[in-house]
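Trainee: I would like a close look at a single buried charged residue and how its surroundings are arranged. Please take one such site and then place it in the rest of the chain.

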Amino acid sequence: MDYSGAVTVEYTASGSKPWRIPHEARALFVPDAVNGKAEVTAGVRIAFQSSCVTASLELQPMDQDERKLDCVINGRFHSTVLLKADESWCSFEGLPEGEKQLEVYLPQTHPAVVVSLQLNDHASYRPFEDTRPKWICYGSSITQCEAASSPSRTWPALAAQYGGWHHTNLGFSANCHLEPMMARMIRDLPADLISLCAGVNIMGGSSLSERTFMPALIGFIQIIREKHVNTPITVQSPIYAEEREIQLNKVGLNLQMMREQIKQAVDILHGQGDSQLFYIDGLTIFGERDACHMPDQLHPDAEGYGIMAERVISQLEKLNVTPKRARHPL
């Protein structure tokens, strides 16, 4: 089985388990493999070429939670299936005739251990040779997108489908604290475009102060630059979050201050000759006018993630950093 959007795959007697970190080195991604979120399969999909009209997937069952999976065909959404608690099999049926590229998106909300993939009789199967430009998105739960309506409807997945890109979602809910191990991993991954979004959980968790936040961000970017010397990198400040905009956290930071520091960090690196580094104001992606799509005043809802996708695409096109491929409508 071939996975896209995974960093590594762990093979066990039970099946194959995609990870969004090098699973062999997960002890280094403290705490607890990034608080258990690196095994969540946001943006991970099984990719292949086939003439199948039915594709059935067997996953290890989960005791309590239901999970959604999506099928995307030739870069366009086809269907969603719901895998209920304790169930192990789900099927995508009524697929179009003929050879096609299929991507079966695994849940953006849970880990997944894939036991088997079965196709209808006489269906062809071959690995999909993915030549699409590679896009890495690093961020928090707002990049992982648990509230998206299904796994192919997160904002990174929607934007990637529009642009014809191969995306790797490195959004880790309740995390994204500019961990050096994450910077080293991104440094070592192939990429034609890298998008970073940091700040909201650093502010919420008071994990970096006014003294340490900007140096940590500059160091994070510079680690990535060791191998991505000319790769375009966008750095997005946090989207709107009413309770965190002005109110100071335990170390004296709020989101307004953090946006200023992120912009200043990008300006400093520009001054050092980094012409392929670009700042995106998070309020242009999701601002106060969009608060009606934030039921918990922090995370967008499913419709909000669609809005984010459209605005991210618009900003990337304005900056002229989008990898060039044929585009599909959202």
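Mentor: In this predicted model, arginine 67 is buried but takes part in no salt bridge. The nearest side chain of opposite charge belongs to aspartate 65, and it is 8.1 Å away. A salt bridge would need a side-chain nitrogen within 4 Å of a carboxyl oxygen, so aspartate 65 does not qualify as a partner. Arginine 67 does have a polar neighbour in the backbone: the oxygen of glutamine 60 lies 2.9 Å from a polar atom of the arginine 67 side chain. Arginine 67 belongs to strand β6, which covers residues 67-73. Beyond four places in sequence, arginine 67 is in contact with residues from several stretches of numbering, including Leu59, Gln60, Pro61 and Met62, Val81, Leu82 and Leu83, and Pro107, His110 and Pro111. Glu87 is also among the contacts of arginine 67.

Serine 150 brings in residues numbered within the range of β6. Serine 150 sits in the loop between α2 (141-144) and α3 (155-163), and it counts as buried because its relative accessible area is 3%. Its side chain makes a polar contact of 2.6 Å with the side chain of aspartate 70. Leaving aside neighbours within four places in sequence, serine 150 is in contact with Lys68, Asp70, Phe77, Thr80 and Gln108. The C-alpha atoms of serine 150 and serine 79 are 9.7 Å apart, although 71 residues separate the two in sequence.

Unlike arginine 67, other charged residues do find partners. Side chains of opposite charge can pair when their charged atoms come close. The whole structure contains 13 salt bridges. One of them joins lysine 17 to glutamate 39, with 2.4 Å between the closest N and O atoms. That pair links distant parts of the chain, since lysine 17 is in strand β3 (residues 16-19) and glutamate 39 is in the loop between α1 (32-35) and β4 (45-50), 22 residues apart. Lysine 17 counts as buried because its relative accessibility is 16%, whereas glutamate 39, at 21%, is partly exposed.

A second salt bridge, between aspartate 188 and lysine 227, has an N to O distance of 2.9 Å. This pair also links distant parts of the chain: aspartate 188 is in helix α4 (residues 180-188), and lysine 227 is in the loop between α6 (213-225) and β15 (233-236), 39 residues apart. Aspartate 188 is partly exposed, with 41% relative accessibility, while lysine 227 is exposed at 54%.

A third salt bridge pairs glutamate 245 with arginine 259, where the closest N and O atoms are 2.8 Å apart. The two are 14 residues apart and lie in different helices, glutamate 245 in α7 (residues 242-245) and arginine 259 in α8 (residues 255-271). Both glutamate 245 and arginine 259 are buried. Arginine 259 is thus a buried arginine with a salt bridge, in contrast to arginine 67, which is buried without one. Elsewhere, salt bridges link Arg45, Glu103, Asp130 and Arg132 in a network.

Helix α4, which holds aspartate 188, also has a buried side. Its buried residues are Met182, Ala183, Met185, Ile186 and Arg187. They pack against α1, β12 (134-139), β13 (166-171), β14 (193-197) and α6. Methionine 181 is in α4 as well. Outside its neighbours within four places in sequence, methionine 181 is in contact with Leu28 and Phe29. The C-alpha of methionine 181 is 9.3 Å from that of phenylalanine 220, a residue 39 positions away along the chain.

These sites belong to a protein with 10 helices and 16 strands. Of its 330 residues, 56% count as buried. Among contacts with a separation of 6 or more, 74% are between residues 24 or more positions apart. The radius of gyration is 20 Å, which agrees with the value near 20 Å that a compact globule of 330 residues would have. The C-alpha trace spans about 60 × 40 × 40 Å along its principal axes. The protein exposes about 13,800 Å², of which carbon and sulfur atoms supply 49%.

Conventions
Residues are numbered from 1 along each chain as its sequence is written. This is a predicted model: local features need pLDDT of at least 70, side-chain atom pairs count only at pLDDT 80 or more; totals for chains, interfaces and linings use all residues. Side-chain values use heavy atoms; hydrogens and water are left out. Helices (H or I, at least four residues) and strands (E, at least two) are DSSP runs, numbered from the N terminus. Buried means under 20% relative accessible area, exposed over 50%, partly exposed in between (1.4 Å probe, protein chains only). Lys and Arg count as positive and Asp and Glu as negative; His and the chain ends are not counted. A polar contact is a pair of N or O atoms within 3.5 Å; within protein, one must be able to donate a hydrogen and the other to accept it, and residues adjacent in sequence count only if both atoms are side-chain atoms. Contact means heavy atoms within 4.5 Å. The radius of gyration is taken over C-alpha atoms; the globule rule is 2.2 Å times the number of residues to the power 0.38. Accessible areas come from the Shrake-Rupley method with a 1.4 Å probe; for residues, only the protein chains shown count as cover.
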